[in-house]
Amino acid sequence: MMTVWLGAGLLIFGAVGVGTCICRERREHTGQLKNLEQAFLIISGEIGYSRISLPEILKDTGEKIAPKDPVGNAFLQIAARLCDGSGQDIRDIWQEEMEKVLGMSRLTAQEKELICSFPDTVWYLDGERQQSAVRKFAQRIGEAAMCAAQKEQEENRVTMMVSLACGIFTALMLC
């Protein structure tokens, strides 16, 4: 009889564990968006404060965020490619490097498309307009992060309840 209860407990625990993994994936999605928002806010601040070139800004930002976020490494690669003298367009370089990083992310297709559209915000020659455009871009990412966080919270409750119910139902069926 003890093994039946132990087995039932393990089934319930396993079902809750699956629900927890699903919730963690949603939390990672929201976290990635928040990290991206922070990165673009840093870029906006650098544009307004230092007035250095975009490759230097991307390099500095990449160095700040690289250890904790793969986007930082992409920024470093983009900065290096912009300065290598090949004359490639920033849109092409940005697309290639960000697709490598975003392919491994949990972002939706729409969010990936938004991130890949960043070069369209930095074409202004006026520093203030460029800073404003990048800040607005970061705000759009922040809005996506807020929506993802709300959705995460709502869906996580349901996921955990369903996981627990499935575990209990399975344990009852097998006992």
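**Stop 1: the lining of the largest pocket**

Begin with the residues that line the largest pocket of this predicted model. By kind they split into seven charged, four polar and four nonpolar. The lining holds 15 residues in total. To find the middle of the pocket, select His 29, Thr 108, Glu 111, Ala 144 and Ala 148, which lie nearest its centre. The space inside comes to about 320 Å³.

Which helix gives the most to this lining? Colour H6 to see the answer: H6 supplies eight residues. Helix H1 (2-49) and helix H5 (109-116) also take part, and each of these, like H6, supplies at least two residues.

**Stop 2: the nonpolar patch**

Keep H6 selected and turn to the surface. Show the side chains of Leu 11, Phe 169, Met 173 and Leu 174, which make a nonpolar surface patch of about 450 Å². Helix H6, which runs over residues 127-174, gives the most here, with three residues.

Now pick Leu 174 alone. Leu 174 lies in helix H6. Is Leu 174 buried or exposed? Leu 174 has a relative accessible area of 64%, and because the cut-off for exposed is over 50%, Leu 174 counts as exposed.

**Stop 3: Gly 9 and Ile 168**

Next, select Gly 9, a residue of helix H1. Gly 9 has a relative accessible area of 35% and is partly exposed. Add Ile 168 to the selection and draw a line between the two C-alpha atoms. The line spans 8.6 Å, while along the chain Gly 9 and Ile 168 are 159 residues apart.

**Stop 4: a salt bridge in H1**

The structure holds 10 salt bridges. The tour visits some of them, beginning in helix H1. Select Arg 24 and Glu 28, whose side chains meet in a salt bridge at 3.9 Å, N to O. How far apart are Arg 24 and Glu 28 in helix H1? Arg 24 and Glu 28 are four residues apart, so about one helical turn separates them. Arg 24 is partly exposed, at 41% relative accessibility. Glu 28 is also partly exposed, with a relative accessible area of 34%.

**Stop 5: a salt bridge in H2**

Move on to helix H2, residues 54-65, and select Lys 59 and Glu 63, both of which lie in this helix. These residues form a salt bridge, and the closest N and O atoms of Lys 59 and Glu 63 are 3.0 Å apart. Lys 59 and Glu 63 are four residues apart, which is about one turn of the helix. For Lys 59 the relative accessible area is 41%, which means that Lys 59 is partly exposed. Glu 63 is partly exposed too, at 43% relative accessibility.

**Stop 6: a salt bridge between H3 and H4**

Select Arg 81 and Glu 97 next. Arg 81 forms a salt bridge with Glu 97, and their closest N and O atoms are 2.9 Å apart. Which helices hold Arg 81 and Glu 97? Arg 81 lies in helix H3 (residues 70-82) and Glu 97 in helix H4 (residues 90-102), so the pair ties together parts that are 16 residues apart in sequence.

Are these two residues buried or exposed? Arg 81 counts as buried, at 17% relative accessibility. Glu 97 is buried as well, with a relative accessible area of 6%.

Widen the selection to Arg 81, Glu 96, Glu 97 and Lys 100. Salt bridges that share partners join these four residues, Arg 81, Glu 96, Glu 97 and Lys 100, into one network.

**Stop 7: Lys 100**

From that network, keep Lys 100, which is found in helix H4. Lys 100 counts as exposed, at 52% relative accessibility. Add Ala 74 and compare positions: Lys 100 and Ala 74 are 26 residues apart in sequence and 8.2 Å apart in space, C-alpha to C-alpha.

**Stop 8: Gly 72**

The last stop is Gly 72, placed in helix H3. Is Gly 72 buried or exposed? Gly 72 counts as buried, because its relative accessibility is 0% and the cut-off for buried is under 20%. Finally, add Glu 143 and draw the line from C-alpha to C-alpha. That line covers 21 Å in space, and Gly 72 and Glu 143 are 71 residues apart in sequence.

Notes: Residues are numbered from 1 along each chain as its sequence is written. This is a predicted model: local features need pLDDT of at least 70, side-chain atom pairs count only at pLDDT 80 or more; totals for chains, interfaces and linings use all residues. Side-chain values use heavy atoms; hydrogens and water are left out. Patches are made of residues with over 30% relative accessible area and no salt bridge: like charges are joined within 9 Å, nonpolar side chains (Val, Leu, Ile, Met, Phe, Trp, Tyr) within 5 Å. Accessible areas come from the Shrake-Rupley method with a 1.4 Å probe; for residues, only the protein chains shown count as cover. Buried means under 20% relative accessible area, exposed over 50%, partly exposed in between (1.4 Å probe, protein chains only). On a 1 Å grid over the protein atoms alone, a cavity is a set of points where a 1.4 Å probe fits but cannot get out, and a pocket is an open set with protein on both sides within 12 Å along at least five of seven lines; lining residues have an atom within 4 Å of a point. Grid points are joined across faces, edges and corners, and a volume is the space filled by probe spheres set on the points. Ala, Val, Leu, Ile, Met, Phe, Trp, Tyr, Cys and Pro count as nonpolar, Asp, Glu, Lys and Arg as charged, and the others, Gly among them, as polar.
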